[in-house]
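Here are some exercises to work through at your own pace. Try each task on the structure before you read its solution.

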Amino acid sequence: MPDYASSIRKAALEAGRLHRDLAVQASVVRGAGRVDVFGSIVRLDVPLLFTKLDGLLGVYLREPSPGILITTQRPRNQQRFTAAHELGHHYLGHAPSLDDDDMLRRAPFQARKGDDLQEVEAEAFAAAYLLPRWLVDYHCERQDWTDDDLADPVNVYQLALRVGTSYQATVWTLHQYDVFDRKAASALAGVQVKKIKQKILRGYEPENYRGDVWLLTDRDADMRIEGGPQDLLVVRLPEHSGSGYLWRVQTIDGEALAVVADGREALDADGVGGPTLRQITAAARDRKSGELRLAEMRPWQPTKPLNVFKVSYSLEGAEAQGWFKDQRQQHRERLEAA
Ligand SMILES: [Zn+2]
């Protein structure tokens, strides 16, 4: 049996080396809180094409020169994971590879007897590239999560959305970092994502559960959401309703987002006159970008808000057919020169 453990370690170290070479950490912390894997491929000068790939998620080519193809028929997070996997093949000097759904079925860092060593390495590279330990720490600090909080599937799912990886890959990556043991990882991985979405939605039932459900609290103020055209944004904020302050949506692009549910509950058992928890749910309507802005104000003093909460969103979803946008000009010039 090949030495999987040392290959996995090597792949994770290489992912860290590429982060340093490309100064990825600084741009993640300044930016959207996630690794820009498509941008990394561009910076290594590897052509990146999104296209329909029957039955395949991604392809890594070597001849005549390196290139990466990614399917257009999967959600953005699967495109990102596939891109990180193909980047792994490239950076680790692997042979060309055609990758299908098996890639997503394998749990990163969990090799089984008979697994192809090159695939195990690319998988470990992908997970370590998209969710390095420092990125877990960054989001835990921002959210005030401890390792114990990460045993809650709602928090694991919210971490996955913020870093742009799948729920399952996030579970196994956290296990790799010893956040929880193997038994807990198996239990978490077995939780249905639909159940997690239902728990966050507290009774609101969307037409389907294909979109992601973002739970936004005051910890997420000013964040940038990179989601899809079917996502739901659930804003949960304490409300000083006892003193007459109520949250109200101030800016919402009605073509991109619409409020679909709105509720309150008492924050403590006594309840009367104390702060309440307000939950406003907005559904995405289109592939658009914009800002969602709420103000906590007294209805009779609308110009003096007590608090303001805003997030910006991009609900573009999956990359569409064509060269990655940062490379389009370059390929046009090459074709014109030829
Ligand atoms: Zn592969």
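**Exercise 1. Find which backbone oxygen lies 2.8 Å from a polar atom of the side chain of R278, then describe the surroundings of R278.**

Step 1. The backbone oxygen belongs to W247. Keep in mind that this is a predicted model.

Step 2. Now look for a side-chain partner. The side chains of R278 and D262 are joined by a polar contact of 2.8 Å.

Step 3. Place R278 in the fold: R278 sits in strand β10, and its bridge partner is L237.

Step 4. Decide whether R278 is buried or exposed. Buried means under 20% relative accessible area. The value for R278 is 8%, so R278 counts as buried.

**Exercise 2. Work out which strands pair with β7, and in which sense.**

Step 1. Start with strand β5 (residues 213-216), which pairs with β7 in the parallel sense over 4 bridges. One pair to look for is V213 with its bridge partner L232 in β7.

Step 2. Turn to strand β10 (residues 276-284). Here β7 and β10 run antiparallel and are joined by 8 bridges.

Step 3. Ask how enclosed β7 is. Strand β7 covers residues 232-239, and 7 of its 8 residues are buried, so the rest of the structure largely encloses this strand.

**Exercise 3. Describe the partners of strand β3 (residues 67-71) and say how its residues are placed.**

Step 1. Strand β1 (residues 48-51) pairs with β3 in the parallel sense, with 4 bridges. Across this pairing, F50 stands opposite I70.

Step 2. Strand β2 (residues 58-61) is antiparallel to β3, again with 4 bridges. Y60 has I68 as its bridge partner in β3. A hairpin is formed by β2 and β3, with 5 residues between them.

Step 3. Now check both faces of β3. G67, L69 and T71 point one way, while I68 and I70 point the other way, and all are buried. That agrees with the count for the strand, where 5 of 5 residues are buried.

**Exercise 4. List the protein donors of the zinc ion and explain why their arrangement is irregular.**

Step 1. Collect the donors: H85 and H89 each give NE2, D99 is listed with OD twice, and E119 with OE twice. These atoms lie 2.0 to 2.7 Å from the zinc ion.

Step 2. Read the donors along the chain, and the spacing is H-x3-H-x9-D-x19-E. D99 lies in strand β4 (residues 97-99) and E119 in helix α6 (residues 117-130), so this pair ties together parts that are 20 residues apart in sequence.

Step 3. Consider the angles. Six donors count as octahedral if opposite donors are over 155 degrees apart and all others between 65 and 115. The 6 donor atoms here subtend angles of 52 to 142°, which makes the arrangement irregular.

Step 4. Check accessibility. D99 counts as buried at 4%, and E119 counts as buried at 11%.

**Exercise 5. Say how helix α8 begins, how enclosed it is, and what comes just after it.**

Step 1. At the N-terminal end, D152 acts as the cap: one of its side-chain oxygens lies 2.9 Å from the backbone nitrogen of V154.

Step 2. Helix α8 covers residues 153-163, and 10 of its 11 residues are buried, so the rest of the structure largely encloses this helix. Among the buried residues are V154, Y157, L161 and R162.

Step 3. Just after α8 comes G164, with a positive phi of about 75°.

**Exercise 6. Locate the largest pocket and the largest cavity, and give the volume of each.**

Step 1. The largest pocket has a volume of about 880 Å³. It is lined by 39 residues, of which P75, N77, Q78, S166 and D212 are the closest to its centre.

Step 2. Which helices supply at least two residues each to this lining? They include α4 (76-91), α5 (102-105), α8, α9 (167-176) and α11 (193-201).

Step 3. For enclosed spaces, a search of the whole structure finds 2 cavities of 30 Å³ or more. The largest cavity has a volume of about 40 Å³, and its lining includes I8, R106, F109, V120 and E123.

Terms used. Residues numbered from 1 in each chain as written. Predicted model: local features only at pLDDT ≥ 70, side-chain atom pairs only at ≥ 80, totals over all residues. Heavy atoms only, no water. Donors = N, O, S within 2.8 Å, 3.2 Å for Na, K, Ca; no water. Tetrahedral: all angles 85-135°; square planar, octahedral: opposite > 155°, others 65-115°. Buried < 20%, exposed > 50% of the residue type's maximum accessible area, 1.4 Å probe, protein only. Pairing = 2+ DSSP bridges. Polar contact = N/O pair within 3.5 Å; in protein donor to acceptor, adjacent residues only side chain to side chain. 1 Å grid on protein atoms, 1.4 Å probe; cavity = no way out; pocket = protein on both sides within 12 Å on 5 of 7 lines; lining within 4 Å. Points joined across faces, edges and corners; volume = space filled by probe spheres on them.
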